[in-house]
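Here is a short briefing on cysteines and on one pair of packed helices. Keep the structure in view as you read.

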Amino acid sequence: MKKSKSRLLRRSNKYSDNGISKSIFPGILLLTTCIMLMIHLFSEQRSMAGWMKGLQSADISAIVSSWATATTSKKQDEVAQSDSSHPSSSFLFSSLPQKFSLLQLSRESAQNHQQHHNCTWPFVLIDDRILLQQDQDNANKEKTEQFDAWSYQHNKRKIPRILHLAWIHDDPHHGPNKGRCLHHLQAVSIQRWKKLFPNYSIFYHDDYSVAKMMQQEFWPEFPELAKVLQCVKMLNAMLIDIWRQLVLYRFGGLYVDLDEIPTEQFTEDLIPQHVDFFSFSDDFNRPSQWCFATSPGHPATYHSMLTIFQRILEMPEISRPKLVTMTGPEALKYGYSYAFLGQDDRYNEGMHYGIFYATGIKYTRKKAAVCLVNNRNDPFPYNATHNWTVAKQYEADLGAVHWTKAGSHLVDQGRGSCQQHLYEFERRSSRFPGREWIQQEQQ
């Protein structure tokens, strides 16, 4: 009996000695594998950056952001290196993507203008107004940090005090690129904003600034952007529709169409510091795409971008885009609806509360008419005896037409669906399978 018990004890000790290798190690290995798989899947999620705003934790957001940035940067570097030997590679990889600050964009835009443009009447030079927080305790603080501190008022404001205005000309059917030269009738709007919004930094985005951000900005959240831009043929209104969502998603602030002039009723206090979304209502009770403000990384702009991508990729005819539904107010309406999901009255005037602690305020169309005026249809002397409108005058000076009249030339840039256009674009590139056979066929 003692011998049998002793044998059992030795067997028990034997199993207990090897238990770590037989039970704990496989468990640790399995757990480690699961964690690494979850990390990989999480870093690949496109919606990750869209939720950063809702985390409400600077530390967690910083860790996740740097994590995703490193992963995506490595992948894009690999693609860029693999395509560097091909002359027809996509323009997205013409240079390594980077992440710009507003101060960098402003500085480079001004330098580009000085090198290539000269303003002559009726055009005037537009400079950005950049307000910096004065910090007596730290005289060596970087200007970027000073700008951020001023814009966010030491993180008390959810929507930074930044105003974005844009006008692009770089389209053969809409006049040449004039840099930061703006028609003097349009410049009236900027001067008015500077007067009524004294505590806001005001950035005017020209062709260079818009292109820099669209083509060379670092967008790990939107990997489809480069592909989608291949199907964007209306380079004024359609491109600006996409850009305005991106610029607010990245930097936050207030976007307003350049032909909207504020009245005395539109003051800085109209946008409360505790909200992260602001808009008026348009004629169809949608959020006003021509004037709205968000905090950086807001879910409304994120889901608006996803909607734009989906609708452009499904576009049946690239020469006849339906801007209102594809990139215009309908896309913003969808993003806004998702951000404030669960509130049946979210399209009505007042405060609204959405996912990830989103808070928004929406005013009526009547309020918008009181706060903003549009001078496009104001009379302007054409000659000594006749008048025409302000819009006619600067369109004549610019050699441009309104986007509603500018669709006919798109036929010259290709026909067919977006998917067909993308296939043809890739077929002509050096990365397409069977490229050698295609080249022989063409010869």
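Start with cysteine 119: its relative accessibility is 22%, so it counts as partly exposed. Keep in mind that this model is predicted. A search of the whole structure finds two disulfides, and cysteine 119 belongs to one of them, bonded to cysteine 181.

**Disulfide 119-181**
- The two sulfur atoms of cysteine 119 and cysteine 181 lie 2.1 Å apart.
- The torsion about their S-S bond is about -100°, so this disulfide is left-handed.
- Cysteine 119 sits in the loop between α5 and β1, while cysteine 181 is in strand β3, 62 residues apart.
- Cysteine 181 is buried, with a relative accessible area of 4%.

**Disulfide 231-418**
- Cysteine 231 and cysteine 418 also form a disulfide, with an S to S distance of 2.1 Å.
- This link is right-handed, with 85° about the S-S bond.
- It joins the loop between α9 and α10 to helix α16, across 187 residues.
- Both cysteine 231 and cysteine 418 are buried.

**Cysteines without a bond**
- Cysteine 291 has its closest cysteine sulfur in cysteine 371, at 8.5 Å, which is too far for a bond.
- Cysteine 291 is buried, at 0% relative accessibility.
- Cysteine 371 is buried as well, at 0%.

**Helices α11 and α13**
- Helix α11 (residues 299-313) packs against helix α13 (residues 329-339) at about 135°, with axes 7 Å apart.
- That angle makes α11 oblique to α13.
- The crossing is right-handed.
- Contact residues include His303 and Arg311 of α11, and Tyr334 and Tyr338 of α13.
- By class, the contact has nine nonpolar, four polar and two charged residues.

Terms used. Residues numbered from 1 in each chain as written. Predicted model: local features only at pLDDT ≥ 70, side-chain atom pairs only at ≥ 80, totals over all residues. Heavy atoms only, no water. Axes fitted to C-alpha atoms, helices over the stretch in contact; angles between N-to-C directions. Helix = DSSP H or I, 4+ residues; strand = E, 2+ residues; numbered from the N terminus. Parallel < 35°, antiparallel > 145°, perpendicular 65-115°, else oblique. Left-handed = near helix turned anticlockwise from the far one by under 90°. Contact = heavy atoms within 4.5 Å. Nonpolar A, V, L, I, M, F, W, Y, C, P; charged D, E, K, R; others polar. Disulfide = S-S within 2.5 Å. Buried < 20%, exposed > 50% of the residue type's maximum accessible area, 1.4 Å probe, protein only.
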